[in-house]
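Have the sequence and the 3D view open side by side, and let's walk through them together. We'll go from the whole chain down to a few single residues.

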Amino acid sequence: MDYQFKDIEKKWQKFWADNNTFAAKNNSDKPKYYVLDMFPYPSGAGLHVGHPLGYIASDIFARYKRLKGFNVLHPMGYDSFGLPAEQYAIQTGQHPSVTTEDNIATYRRQLDQIGFSFDWSREVRTSSAGYYKWTQWIFMQLFNSWYNKDADKAEPIADLVAHFETNGSSGINAVCDEEILSFTADEWNAMSEQSQQAELLKYRLTYLRESTVNWCAALGTVLANDEVKDGFSERGGYPVEQKKMMQWSMRITAYAQRLLEGLDKIDWPEPLKEMQRNWIGKSVGASVKFPLDETTHLSQLATNYIEVFTTRVDTIFGVSFMVIAPEHELVASLTTPEQKADIDAYITLTKKKSELDRMADTKTVSGAFTGSYVTNPLNGEQIPVWIADYVLAGYGTGAVMAVPSGDQRDYLFAKHFNLPIIRIMDIQQMDTEADPTKEGKYVNSAFINGLGYKEATAAVIAKLEELGLGKAKVNFRMRDAIFGRQRYWGEPVPVYFKNGLPYLIDESELPLVLPEIDKYLPTESGEPPLGRATDWKHPEGEYELSTMPGWAGSSWYWYRYMDANNDQDFASKEAIEYWKDVDLYIGGSEHATGHLLYSRFWNKFLKDIGKVVEEEPFKKLINQGMIQGRSNFVYRLNLVDDGNVRSYYLSKNKYQEWKKAISKAEQQQLFNEWGLQFHFSSLDPLVVTQQLAYETELHVDVNIVDNDILDIAKFKKWRQEFMDAEFILDEGKYICGVEVEKMSKSKFNVVNPDDLIERYGADTLRMYEMFLGPLEQSKPWNTNGIEGVFKFLRKFWRLFHDAEWNFSVSNSEPTKAELKALHKIIRKVEEDVERFSFNTSVSSFMIAVNELTDLKCNKRAILHDLVIILEPYAPHICEELWVLLGNEPSTLSYAAYPKFNPAYLVEDEFSYPVSINGKMKTNISFSLTMDNTEIETAIRSHADVLKYLDGKEPKKVIVVKGRIVNIVV
RNA sequence: GCUCAGAUGGUGGAACUGGUAGACACGCAGGACUUAAAAUCCUGUUCCCGUUAAAGGAGUGCGGGUUCGAUUCCCGCUCUGAGUACCA
């Protein structure tokens, strides 16, 4: 029979499901291998051809590893909490769990059709209570932990309490809030329960604090920094404003250094690691206290100094002014009566500027003088204090020591306001701009004069420490992560409030189930939707009304797959110790600073509390490129003549001609050429007829376009308005315009995998997606060429069949040429898969099948091995042929990968390309036993070579054995 | 601005450590089969010049360099894409 992909694929998909062919065991003599995909959010639109790209790659790898004798864990699940389902619920009143359920069903159907070897017995859904019970449980562990800097790990909060009870707050080196109390053991023990809890909250790894958040009024919720783009929400594009709110936060900053160091130990794409490094933003420098001048209004101030962070403490003798952020807490008290008007005006001005303006406008210099001065701690100079919006309140201490000679922004500021610019390096060139050089020797710098950068920095820090006015300091750009959303469709926080303070619910009460509510909107008093729940109250207080953010459930899900149905633990100790970590993780780079950072954070925490064994969760990570859409256009020309509209659809070339025709005469001429009856009014201005011509480019559904040629019949049926469309064609065809854009419904460029599977089958789709190009590269989807892959599979099928499509394989011994073709592909595919170069192995399969077809090879010995190596790519057709070859069903997935034998590839002759001065001229065959001198002698006298030499004597002959001969003339 | 990735035929792409540039596939052209079309098969296909066949010449974004030899290494530039942004 001809290749009947539909029957074959259905049959084997059912077989795999019925027999649990891909169920992984949590113990095995085989080495383990964990292949993970980023699980999808089940959106209502279903999968388009871009989604499965990474899944196909990981599936090929997982299947390949099985053949290579590994116990492979390859699971799939759904990140099923999230905003879109809730937005839909608000619009329709339908419960988000219902839409989520429907969407998951669609995803599952689509995934099943592609023939993935997922172990579905381990499926997880972040929105199921059995799953989020453990997300809540991890939250509780975070709440019950603090970060001990001395031990450099998280420790139980009970240990901290014990320390307070016996030693008070001294001797504690913690990552915590800034305003912590100092107390003795007695003082602690005398504190009320409430004061103690309030103090402990400052240490907990998840804690409440008033923070400035990205508030999106339209979505009614707080967004994480990575969910905001240029002042607008990433989802929906609604405006986002800064707002102060009491919020749950995660003390991810405690792990900043470990998150940074861990990057050096994992095999991730360099750009991705770079993104995380930038996000963490470590800078090494010093903090320096500048005492406030006594003439200022010290009496009103809480402190008597301004602290700055600097990465160039060596330039401290070049400081000629100080700049603090307009929001800095000291601004009001520093402002002298004479300067008050200036300062107030400036603050009003900055408040008016939106976040966006402030970012865009980096060129204009602005600021205002407070009237106060600080003292340079090292030379006693009086330094004026200014405010300016180029200093950000949120970074460092919100204050900078300005060194105009070395920092460009300070330089511009100094020039603009006529402040001194002090030279501090002998070689500094600062006529037109600041010179931040670290070369040269210091000048005008007291005790570091004449020193170099390294010694000077050390000397300055030593001096500052001696004075108690500064110390070396490491600063991170990364902020603690906000962990609360004022939304319904998320994990409830397992916390209730008593006297305004948070307490965990009892572990036995987990999961804290998401209650039913009447509608999915904030309450009238502005509380989150959970405020609508009735009968949802803890005996001792009110439950937390915000829910967890989208990244909560995805920050640990790979552990749940290890032991998905455990109700005693998030995964058993045995399962975790067996699977350890993810060996290969494939997903998009858009998760660089969100999911992938949070996951590493939670993983490190879980390691600290002894629940998991590896410091890093994902050993190797690959980013698959984005599949963009390829839109097609039709060009409509509307001619209005006295109110009557006539529409013509112009093929691409005709449209271009039309665009070039400017005058009515030219347009008339084109219409005459095209044989159309339309009379453009004469150029006589006295004619009153109103004529109007206008063109529109319309997106046309790419599924009714083939190779940019429009299927006119389908187009007419597509929409009512096209029913009577008139076409102006190019050589009988309507050619569409093309553009690369995002794949989206509104652009009619979505290609659905279901349609392609219907036409060509899953095996063709799998191979074609790989054939498209390197996995990591982004590219527009183009279905042109899928035929080639389909033809390949038919050709492969045909190897096993005679001219009448009867199954026919021979048991005779393979020839040398056949073995060579086989072993070439065995080696090639092995090398390609190991380096994730799937596109090149598809080509190699084509070459192998072409070669075997030419050899008319139908030898069982060859085809048997070929079926095994193709199985990861095209599993259905291979299973079918495997059984036809007489093997037991289901054994193919666990067959042994054929062993490469180099002996079959040994040649005794090589056709040397002979080039003259590096230009290839001809090929000459020599035995591979000949050494370089023998070849050179042969070359010098070879008739073919002499022909090219024109009687000239070769200066030099370079012979690279088995590679090339180059003659230099 | 900074960081990173990339640029190869009409198209997607290949060339793995510097060694025959354009594998494989699409498209296109020509041919076979067919009453015809589809499907299938065969041949050709980087460009220029030329042709019976040949023989030349140019050529991997641009300009230089290293080398017997560069798509590959080095320097400078242009363009495209991604991330990030007054980070002290």
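Before we start, here is a term we'll lean on: two residues are "in contact" if their C-beta atoms, placed from the backbone, lie within 7 Å. What you're looking at is a predicted model, in which local features need pLDDT of at least 70, side-chain atom pairs count only at pLDDT 80 or more, and totals for chains, interfaces and linings use all residues. Residues are numbered from 1 along each chain as its sequence is written, while chains are lettered from A and ligands numbered from 1 in the order in which they are written.

Let's take in the whole of chain A. Its C-alpha atoms fill a box of roughly 100 × 90 × 85 Å along the principal axes. Chain A holds 31 helices and 35 strands; these are DSSP runs numbered from the N terminus, with helices being H or I of at least four residues and strands being E of at least two. Of its 969 residues, 38% count as buried. Here "buried" means that 20 or more other C-beta atoms lie within 10 Å of a residue's own, "exposed" means 12 or fewer, and "partly exposed" is in between, with C-beta atoms placed from the backbone. If you take the contacts between residues at least 6 apart in sequence, 71% join residues at least 24 apart.

The chain is also divided into domains: domain 1 (139-260 + 480-543), domain 2 (282-476), domain 3 (641-741), domain 4 (785-896) and domain 5 (907-968). These bounds come from an automatic or database domain assignment. The centres of domain 3 and domain 5, taken over C-alpha atoms, are 62 Å apart.

Now find a small sheet. It is open, has 3 strands in the order β20-β19-β21, and its pairing is antiparallel. β20 (501-504) and β21 (542-543) are at the edges with a single partner strand each, so one side of each has no neighbour in the sheet. Strands count as paired if DSSP finds at least two bridges between them, and 2 bridges join β19 (residues 495-498) to β21. Which residue of β21 is the bridge partner of Y496? That's Y543.

Next, look at RNA strand B. It is surrounded by 58 residues, and the closest are P271, G773, G788, P913 and G918; a residue is near the strand if its C-beta atom, placed from the backbone, lies within 6 Å of it. Helix α27 (residues 838-854) gives the largest share of this surface, with 6 residues.

Time to zoom in on I868, which is in helix α28 (residues 860-870). I868 counts as partly exposed because it has 19 C-beta neighbours inside 10 Å. Leaving aside neighbours within four places in sequence, I868 is in contact with L67, A895, Y897 and P898.

Follow that contact to Y897, in the loop between α29 (875-884) and β32 (909-916). Is Y897 buried or exposed? It counts as buried, because it has 20 C-beta neighbours inside 10 Å. Beyond neighbours within four places, Y897 is in contact with L67, K68 and I868.

Last stop: K745, in the loop between β30 (737-741) and α23 (753-760). K745 is exposed, with 9 other C-beta atoms within 10 Å. An unreviewed UniProt entry annotates K745 as "binding site"; such annotations may be inferred rather than shown by experiment, feature names are shortened, and positions follow the numbering used here.
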